[in-house]
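Me: I would like to go through some salt bridges and see what each label rests on. Please set the values against the cut-offs.

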2 protein chains.
Amino acid sequence: MSLSEIHNLTRSVLIREGASPEHADSVADCVRNAERDGASSHGMYRVPGYIRSLRSGKVRGDADPSLTRVNDTVMRCEGDRSFVSLVHRRYLEQVIQVARQHGVCIFAARRIAHWAALWPETEAIADAGLVAFACTSYLPTVAPHGTRHAFFGTNPVSFAWPRPLRPPLVFDMATSSSSLGDLSLKARMGEEVPEGTGLDGEGKVSKDPSEILKGCLLPFGGYKGSHLAMAVELLAGPLIGETTSYETAREDNQDGGPPLGGELIVAMSLDIISGSKESAEAAERFLKHLEEMESFGMPGQRRHQRRLDLGKRKIDAVTMAEIEKLLESSK
Amino acid sequence: MSLSEIHNLTRSVLIREGASPEHADSVADCVRNAERDGASSHGMYRVPGYIRSLRSGKVRGDADPSLTRVNDTVMRCEGDRSFVSLVHRRYLEQVIQVARQHGVCIFAARRIAHWAALWPETEAIADAGLVAFACTSYLPTVAPHGTRHAFFGTNPVSFAWPRPLRPPLVFDMATSSSSLGDLSLKARMGEEVPEGTGLDGEGKVSKDPSEILKGCLLPFGGYKGSHLAMAVELLAGPLIGETTSYETAREDNQDGGPPLGGELIVAMSLDIISGSKESAEAAERFLKHLEEMESFGMPGQRRHQRRLDLGKRKIDAVTMAEIEKLLESSK
């Protein structure tokens, strides 16, 4: 499919399921950009879940997010049960303006369904010349270090740093050993995963992704990754007046789509905090040094290279069949 | 040694080396509190390095740190080549006040020597009811993922969350597989370390800490830990107008003490950002759930338990001999 076909199909499907044009368009941008960058696990692969959440009424097609300026630097957004991309479309520009003016912006998005990657928002902020951090929790999927039961979400964190005349430095990674999307794709392919990825339904170490899907993932990097996953629960939960993963699960209707929860975004101005225009150059020197190191892979680079290809993208047949079946069922 | 003996000895040694009473006292508090909590690698073990940095003139005994209020939420501190504990003693209270009033405080400490743990500052902020994050870089010690040469520092990050009527939740961890202090102590003991800890001087995987000290450490958790180490370089470096680890090394006089660099601290108000008094209770429910999980170890808990013991502490004989020898040499 071409990138515009991906966009149009997603948009029209979501509108058919009751999403407003603005809402559908924001999600379609996100899906197209994921496929454009080769991040399939956040592309069309997510559309069946988006349909399900709209159908079950968990996500409101006509959601109308609103913004509260708590003070100069803190903003709270009530998502009104929207897909998070609608919130970003409406308010990321204000996040950027606030950080430019005051040096920092704390943006608390609540009652949103976040099933996309986090780089769309951190990269957009860094594209505007700012430093960005974002995190969100999920549903219990990951066993805290030392335990054998899912309690934390996959809890991704993303960080982006602006670079002059080139795409920002961006990383976006689950605090679990693997993302759930990648694990599911591997289960579908019948591939093995490394020991330490997760536990089966009985709490035993397993290399079979299908068994891990019945059990739980483990944090990346042992207790340190587990600590980060815990911090994400608190930052994207109580700090912004939202639920942690285990509370999210209690409310969730298990429609197969994304749960409702929160996202924390922090944007910071390099110019204001450092107080010097030279800091951007110092960062470039550091990053160029790093790029020149043998065998170092700069995060985000592969996505940015794939983006240059404006041609067609291959969409997984299972995903397309699932979407068609869902559309049939509503006729 | 009793806790007050540890304090008095550290204080008097530093004063003898030219530190002002306020400066010496702030470092002595820090050393005593590390020994109190059983964190030996940040206790007396560091005193010889502190002496060396004062003697070489890298750290100024009479340093007079000053504060610039950039705006309502951003503060920059010029450390004037002090040990970081002096900066904390003077300005942490203002960080707390700003975050309480405005919801967030960004504190950029520059030209400081940070060789202590990070939990003293994050825990102090959380004791005041706020959420805290801190990070600092170091000297090239860690090979970026995929490479075989030291470029990142051990780059610790610390996070603290306030808890009513009990010590805060605090973690403080290197983004390397091991801290340099622990690695040095293991080399001294002749112990092995797990594969993946580091590389020897020729870039080969090694389990011998003495060989790794000639080579480099690896990040914890593969590429994900490496990404975090990179973020710390940028956050505690260019973002605050300070050096990254490889630039720090170029300026450093290799006196065997801590290098000069920066620290970023972020303090946030749960009440203002969440907009609800109930958020603190929600966080407690989450943390209690976690504590009840079988085999889960809450970070910081061991330190807080050891703290209850007001008795004497064992100080490593090698460290004491080193301090005595240094004092002899200046007579």
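Reply: Go ahead. Note that D37(A) is at 0% relative accessibility and counts as buried, and that the model is a predicted one.

Me: Why is D37(A) called buried?

Reply: Buried means under 20% relative accessible area. D37(A) has 0%, so it counts as buried.

Me: What makes the contact of D37(A) and R36(A) a salt bridge?

Reply: The N to O distance between the two side chains is 2.9 Å. The limit is within 4 Å for a Lys or Arg nitrogen and an Asp or Glu carboxyl oxygen, so the pair qualifies.

Me: Why does R36(A) count as buried?

Reply: Its relative accessibility is 18%, and the cut-off is under 20%, so the label holds.

Me: What makes E284(B) and R163(B) a salt bridge?

Reply: Their side chains meet at 3.0 Å, N to O, and the limit is within 4 Å. The pair links distant parts of the chain: E284(B) is in helix 11 (residues 278-291) of chain B, while R163(B) is in the loop between strand 5 (157-161) and strand 6 (169-173), 121 residues apart.

Me: Is E284(B) buried or exposed?

Reply: Buried, because its relative accessible area is 8% and buried means under 20%. R163(B), also at 8%, counts as buried.

Me: How do you know which labels fit D271(B) and K277(B)?

Reply: Exposed means over 50%, with partly exposed between that and buried. K277(B) has 65%, so it is exposed; D271(B) has 38%, so it counts as partly exposed. Their side chains form a salt bridge at 3.1 Å, N to O.

Me: How many salt bridges are there over all chains?

Reply: The search of the whole structure finds 60.

Definitions and conventions:
Residues numbered from 1 in each chain as written. Chains lettered and ligands numbered in written order. Predicted model: local features only at pLDDT ≥ 70, side-chain atom pairs only at ≥ 80, totals over all residues. Heavy atoms only, no water. Buried < 20%, exposed > 50% of the residue type's maximum accessible area, 1.4 Å probe, protein only. Helix = DSSP H or I, 4+ residues; strand = E, 2+ residues; numbered from the N terminus.
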